[in-house]
Amino acid sequence: MATSTSFSYCSSLFLSILIISGFVFAEMVNSMGINYGQIANNLPSPDDVVPLVKSIGISKIKLYDADPKVLKAFANTGVQFIVGLGNEYLTKVQDPAQAQNWVKSNVQAHLPATNITCIFVGNEVLTFNDTSLSNNLLPAMQSVHAALVSLNLDKQVTVTTAHSLSILETSFPPSAGAFRQDLTGCITPILNFHSKTGSPFLINAYPYFAYKSNPKQVPLDYVLFQPNSGSLDSGTNLHYDNMLFAQIDAVYSALAALGFKKLPVHISETGWPSKGDEDEAGATPENAKKYNGNLIKLICQKKGTPLRPGSDLNIYVFALFNENMKPGPTSERNFGLFKPDGSPAYSIGLSVSNSSFGNGNSSSNSGSGSGSGGLVNPITPSPPGTSSSGYLAISSAAVTESCHVIGLIPMLVVFLLMKHVLSS
């Protein structure tokens with residue numbers, strides 16, 4: 001029965017792949033990460049999620065826990081994993097024995113079959129302004145790292161934590177990016193830890209929240225990567241045609257101001273909801289389509305930000321699925337690229353055929369809910385003569401062209417795969 005269900009699912013999945021623009025071929029998004037949250041009671045089993053993730057070319061997944069069912073399902077797939085250790089564990093894992101037990105059970109037990117490369121300890125801890133949490137963050141990170149060292153795993157698994165953009169006091173213009181003064185004493189030792197251990201700085205960046213909080217002043221095209229006059233940073237004379245890149249560069253500037261110019265920055269969450277409450281401006285399928293579609297196009301182009309044009313865009317989209325049990329406004333339950341049945345939450349260019357999953361009834365912590373962070377200012381028009389880079393509303397043809405996925409060979413490969421699956 002399980003084999004029959006799997007093949008039935010795969011056959012419809014391949015049909016979907018051909019017509020989900022932005023996800024047409026695996027090569028197109030193989031550098032993109034995805035957040036796999038599970039606060040829901042109607043999600044597919046991890047075994048059914050594996051072919052979906054592999055077929056759309058996702059090479060990196062971020063979990064909010066270390067769900068053994070997920071980690072076992074993805075064994076021998078090559079997909080890289082960031083696993084999470086929740087805020088509720090910060091005190092407990094400061095005990096070296098507890099930290100080692102956690103690492104043995106949740107990381108070492110799955111290596112090397114499952115490619116776990118990073119542990120993020122705590123999620124947006126500094127945002128809560130809770131000294132009991134913030135004071136425990138770095139000791140917990142250090143303890144987990146020490147456990148990895150004792151198990152000879154520190155060369156393949158790094159330790160970090162994820163921050164909300166609201167840890168910035170200033171984010172506009174990007175060159176003036178600075179951390180909140182009340183957090184500097186806490187952040188600096190954490191940055192020293194990153195520098196010493198070689199782990200990345202994770203930031204959750206959501207232009208959506210900036211637009212939602214001030215839709216009259218923040219141009220929608222600017223946050224959706226659509227053609228617009230953009231913004232000029234007078235401090236660097238760099239032009240920005242989208243808010244996400246401005247937010248990323250504000251983080252780079254804040255790090256540089258504290259002496260950590262070379263620290264790598266990864267965007268651990270970003271996304272756009274396809275549905276929201278009446279007072280949630282911009283939460284529509286059309287806007288989600290533009291934001292995530294154009295974001296994928298940017299990732300495909302493998303260009304950095306204006307301040308760091310040579311840096312990789314290490315971006316994890318939020319999220320894989322809509323999660324029907326998340327608390328908060330309606331938008332919180334509608335950040336997914338996919339519905340629980342495996343069909344796209346919204347079309348990106350073309351219609352989509354349905355695909356079906358088993359029901360895994362999963363539930364775990366997951367993200368979004370971050371504030372916009374920093375100061376949201378009106379966009380300064382660019383001087384005459386300048387222009388945006390002309391991002392288009394995404395379509396399969398546009399993405400295929402921008403990623404150089406051309407010719408009939410990829411289509412033939414997918415066709416043969418479909419034929420094989422359907423005949424099995």
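Helix α5 passes helix α6 in a left-handed crossing (the near helix is turned anticlockwise from the far one by less than a right angle). This is a predicted model, where local features need pLDDT of at least 70 and side-chain atom pairs count only at pLDDT 80 or more, while totals for chains, interfaces and linings use all residues. Residues are numbered from 1 along each chain as its sequence is written, and side-chain values use heavy atoms, with hydrogens and water left out.

Back to that helix pair: the axes, lines fitted to C-alpha atoms over the stretch in contact, come within 10 Å and cross at roughly 15 degrees, on a scale of 0 to 180 degrees between N-to-C directions. α5 and α6 are therefore roughly parallel (under 35 degrees).

| Helix (DSSP run of H or I, at least four residues) | Residues |
|---|---|
| α5 | 131-150 |
| α6 | 184-197 |

Now for α2, residues 46-55: eight of its ten residues are buried (under 20% relative accessible area, 1.4 Å probe, protein chains only), so the helix is largely enclosed by the rest of the structure. Among the buried ones are P46, D48, V49 and S55. Just after α2, G57 takes a positive phi of about 85 degrees.

What about empty space? There are two cavities of 30 Å³ or more, a cavity being a set of points on a 1 Å grid over the protein atoms alone where a 1.4 Å probe fits but cannot get out. The second largest holds about 60 Å³ (the space filled by probe spheres set on the points). Its lining (residues with an atom within 4 Å of a point) includes Y252, H266, R308 and D312. β11 (265-270) and α9 (243-257) each give two or more residues to that lining, and β11 gives the most, with three.

Terms used. 1 Å grid on protein atoms, 1.4 Å probe; cavity = no way out; pocket = protein on both sides within 12 Å on 5 of 7 lines; lining within 4 Å. Buried < 20%, exposed > 50% of the residue type's maximum accessible area, 1.4 Å probe, protein only. Parallel < 35°, antiparallel > 145°, perpendicular 65-115°, else oblique.
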